[in-house]
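Work through the exercises below with the sequence and the model open. Each task is followed by a stepwise solution.

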Amino acid sequence: MSMFESLGRFGVAIRQTHARNKTIRALNSLPAHVQKDIGWPASPPNDPQATLASLLLGTTR
């Protein structure tokens, strides 16, 4: 495996991770009733990770 193949795979992994995280942020920004309708698991309001995400991203889970 050449160095460029490794870099290419790394780049693809980064793009896929970014796209997945972007989708998760979009779903988490939906109102709770819509999340419930589509079957997206809502985080409890006192979840420390949800609190951190709201501080960093400006959205709640």
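**Exercise 1.** Locate Gln35 and decide whether Gln35 is buried or exposed.

*Solution.* Start with the element: Gln35 sits in helix H2, residues 32-38. Keep in mind that this is a predicted model. Next, take the relative accessibility of Gln35, which is 2%. The cut-off for buried is under 20%. Gln35 is therefore buried.

**Exercise 2.** Find which backbone oxygen lies 3.0 Å from a polar atom of the Gln35 side chain.

*Solution.* The oxygen belongs to Leu30. Now place this partner: Leu30 is in the loop between H1 and H2. A buried side chain in H2 thus has its polar atom beside a loop backbone.

**Exercise 3.** Classify Leu30 by accessibility, then list what Leu30 touches beyond four places in sequence.

*Solution.* Leu30 has a relative accessible area of 31%. The middle class runs between 20% and 50%, so Leu30 is partly exposed. Its contacts, leaving out residues up to four places away, are Gln35 and Ile38. Then check a C-alpha distance: Leu30 and Trp40 are ten residues apart along the chain, and their C-alpha atoms are separated by 9.8 Å.

**Exercise 4.** Identify which residues make the nonpolar surface patch of about 460 Å², and classify Leu52.

*Solution.* The patch is made by Leu52, Leu55, Leu56 and Leu57. Take Leu52 as the test case. Leu52 belongs to helix H3. Its relative accessibility is 48%. Exposed would require over 50%, so Leu52 counts as partly exposed. Before leaning on this region, look at the confidence: helix H3, residues 48-57, has the lowest mean pLDDT, at 74. The highest value, 91, goes to helix H1, residues 3-28.

**Exercise 5.** Summarise the whole protein: what are its elements, its surface and its confidence?

*Solution.* Count elements first: three helices and zero strands. From the N terminus the order is α-α-α. Then burial: 11% of the 61 residues are buried. The accessible surface comes to about 5000 Å². Carbon and sulfur atoms account for 64% of that surface. Finish with confidence: the average pLDDT is 82, and 84% of the residues score at least 70.

Note on methods: Residues are numbered from 1 along each chain as its sequence is written. This is a predicted model: local features need pLDDT of at least 70, side-chain atom pairs count only at pLDDT 80 or more; totals for chains, interfaces and linings use all residues. Side-chain values use heavy atoms; hydrogens and water are left out. pLDDT is the predictor's confidence in each residue, from 0 to 100. Helices (H or I, at least four residues) and strands (E, at least two) are DSSP runs, numbered from the N terminus. Buried means under 20% relative accessible area, exposed over 50%, partly exposed in between (1.4 Å probe, protein chains only). A polar contact is a pair of N or O atoms within 3.5 Å; within protein, one must be able to donate a hydrogen and the other to accept it, and residues adjacent in sequence count only if both atoms are side-chain atoms. Patches are made of residues with over 30% relative accessible area and no salt bridge: like charges are joined within 9 Å, nonpolar side chains (Val, Leu, Ile, Met, Phe, Trp, Tyr) within 5 Å. Accessible areas come from the Shrake-Rupley method with a 1.4 Å probe; for residues, only the protein chains shown count as cover. A salt bridge is a side-chain nitrogen of Lys or Arg within 4 Å of a carboxyl oxygen of Asp or Glu. Contact means heavy atoms within 4.5 Å.
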